[in-house]
Every structure is written in structure tokens, then in C-alpha cells.
Amino acid sequence: MTESWDSIADWYTEQLRSGSPMHDFGRDILLDRLPADLRGASVLDLGCGEGIITRALAARGASVTGIDPAVSLVEYARAAEKFRPTGAVYAVDDGCTLATVPTGSVAWVTAGLSLNNVPDLGAALRAVRRVLEADGRLVFTVPHPCFEAPHSTWTEGGEAPARRVVGDYPAEGFWRSANPRGVRRAGNQHRMLSTYLTMLIADGFAVEVVDEPAPSPGVVARQPHRAGLPPFLLVGARRR
Ligand SMILES: C[S@@+](CC[C@H](N)C(=O)[O-])C[C@H]1O[C@@H](n2cnc3c(N)ncnc32)[C@H](O)[C@@H]1O
């Protein structure tokens with residue numbers, strides 16, 4: 001079966017809601033770059049999935065909308081909102097157009113592990129720029145492009161700790177993991193780190209933050225081989 005975000009929605013939601021140190025880490029490093037108090041701020045969470053980041057933004061007082069093209073994930077996000085209301089609202093939408101989001105309507109756009117799924121990064125960045133207020137900010141994470149390049153693996157066996165084996169770094173474009181338990185069996189758009197930064201600058205953003213946070217103790221406890229490499233690249237940029 002060819003998987004999609006809709007077809008793995010049950011699995012993905014279960015992963016996060018049963019406790020995923022990696023996803024908690026991804027949420028926390030992104031939120032660390034936003035004000036602790038977001039009361040009065042409008043925020044768009046692009047590629048919200050089942051709403052892990054959207055709910056956290058609402059808890060900080062933001063007026064937040066989560067968008068995602070995967071209908072099943074948006075249904076999970078809405079069900080969580082119904083069960084425990086936070087004020088977050090959700091829409092089915094594509095990050096490449098943001099057709100449901102008015103121009104100049106948000107102060108912040110967050111995109112946690114989602115821009116590596118959009119097929120057209122330039123279109124997504126232009127859509128983000130359109131919906132941001134003047135001086136609004138985009139903060140996003142992606143799987144670290146240098147270490148999570150297509151078909152990266154780990155060394156196996158022996159006494160030494162497992163090491164990342166990476167090739168195909170310049171092979172930009174869509175690829176699908178063969179790992180039946182891997183999230184990227186739903187597909188992933190690989191781009192080089194330089195592509196993210198160059199396109200941001202070309203599409204009207206001033207890059208303010210580039211970070212490669214070390215994995216949290218919780219991530220390393222669950223996946224010891226992750227120690228020593230940053231799982232995610234984090235970028236913050238201001239609309240010029
Ligand atoms: C790894 S999940 C991240 C979800 C959520 N932000 C989180 O941290 O759990 C990637 C998300 O990107 C979404 N996505 C895929 N294509 C997209 C697009 N064109 N525009 C916006 N989001 C997209 C998927 O549906 C999925 O929810």
C-alpha cells in the first residue's frame with residue numbers, strides 16, 4: 001500500500017498521544033522561539049497534524065488556527081478540541097496556498113516538521129509571507145536535512161555506538177522511506193539546508209535564527225543512538 005498522511009493518521013496520532021519524546025522535543029524547541037505570553041497574537045500553525053503545536057500555542061493565549069491538508073489529522077485535532085477546548089480552530093488547507101487564511105492576518109506562522117512535506121517550498125513561503133502582518137515571523141523545524149537525507153541509515157552491530165550513514169544529500173525532491181514503522185513512509189520532500197535558507201531570503205524573509213538543538217534527555221533515553229546529532233533544523237525568519 002502506498003501510504004499518505006491520511007492513511008497513517010491513526011498511527012501518527014497514536015504515536016504522539018501515547019507519548020513521543022521526539023515530537024515533544026520538536027514542539028518545545030519551536031515554542032522556545034515564541035513569546036511565553038501570546039495573548040492578543042494571531043498565529044497560524046501550518047501543517048498542524050493532530051494539533052500538538054496548535055494546542056500549545058492556544059495554551060499560551062494565542063488566537064490560533066491550525067491548517068493541514070490531511071482531513072483525518074484535522075478530524076483528530078478537532079476531536080481533541082471538542083474533548084478539551086483550548087480555543088484553537090482548524091481548517092483543511094494546503095500550505096502552498098493557504099486559501100483559507102486572509103492576507104496580513106497573522107503575527108506568527110509556525111510550521112513544525114511540515115515544510116519538508118510541501119511539494120513547492122517557494123509557493124509555501126510566498127503564501128506564508130502573504131498571510132503575515134508586516135514584520136510578522138515564521139518559525140519552522142524540519143528533520144535535519146544533513147542527517148535525515150534520503151535513505152539515511154545507521155551502522156549496525158559491533159561494540160561502538162551506532163553512527164549515522166548518509167548519502168544522497170544533493171538529491172532534492174520527493175522520497176519515501178521503506179521503513180514500515182517510519183513516519184516518512186508517507187513521503188518527504190528532501191531539500192538541502194542551503195536551499196531552505198536561500199529560498200527564504202529570495203522570497204522576502206530576513207533570517208534571524210538558525211539552530212540545531214541537541215536531542216533532549218528524553219529523546220536520548222528512548223533512542224540512545226540519537227545522542228550527538230541534532231534531529232531537527234530550526235529556522236526563524238522575519239517578513240521583510
Ligand atoms: C510530521 S507531520 C507534523 C504535524 C505537526 N506539526 C506535528 O508536529 O506533529 C507533517 C504534516 O505536514 C502535513 N502536510 C503535508 N503536506 C502539506 C502541505 N502541502 N501543506 C501543509 N501541510 C502539509 C501533513 O499532513 C502532516 O500533518
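This passage looks at two buried glutamates, an annotated domain and the nonpolar cores of a predicted model.

Residues are numbered from 1 along each chain as its sequence is written. Since the model is predicted, local features need pLDDT of at least 70, side-chain atom pairs count only at pLDDT 80 or more, and totals for chains, interfaces and linings use all residues, while side-chain values use heavy atoms, with hydrogens and water left out.

Glutamate 50 sits in the loop between β1 (42–46) and α3 (52–59); helices (H or I, at least four residues) and strands (E, at least two) are DSSP runs, numbered from the N terminus. Its relative accessibility is 1%, so glutamate 50 counts as buried (under 20% relative accessible area; exposed is over 50% and partly exposed in between, with a 1.4 Å probe and protein chains only). What does the side chain of glutamate 50 pair with? The partner is the side chain of arginine 17, through a polar contact of 2.7 Å. A polar contact here is a pair of N or O atoms within 3.5 Å; within protein, one must be able to donate a hydrogen and the other to accept it, and residues adjacent in sequence count only if both atoms are side-chain atoms. Beyond four places in sequence, glutamate 50 is in contact (heavy atoms within 4.5 Å) with Thr13, Leu16, Arg17, Arg55, Leu73, Tyr76 and Ala77.

Glutamate 148 belongs to the loop between β5 (132–143) and β6 (153–154), and it counts as buried because its relative accessibility is 6%. Its side chain makes polar contacts with those of arginine 184, at 2.8 Å, and arginine 226, at 3.0 Å. Outside four places in sequence, the residues that glutamate 148 touches include Arg164, Trp175 and Pro231.

Residues 44–140 carry the UniProt annotation "domain: Methyltransferase type", from an unreviewed entry; such annotations may be inferred rather than shown by experiment, and feature names are shortened, with positions in the numbering used here. The end C-alpha atoms of this span lie 12 Å apart, and it is 33% helix and 30% strand.

As for nonpolar cores (sets of buried Ala, Val, Leu, Ile, Met, Phe, Trp, Tyr and Cys residues joined through side-chain atoms within 4.5 Å), the largest has 30 residues, and Leu98, Val109, Leu115 and Phe140 have the most contacts inside it. Elements giving this core two or more residues include β4 (106–112), α6 (193–202) and β11 (232–239), but the largest share, 7 residues, comes from α5. Leucine 115 is in contact with Phe140, Val142 and Tyr196, among others, leaving aside neighbours within four places in sequence. Another core, of 26 residues, lies apart from the largest one, with Ala41, Ala62, Ala107 and Val139 among its members.
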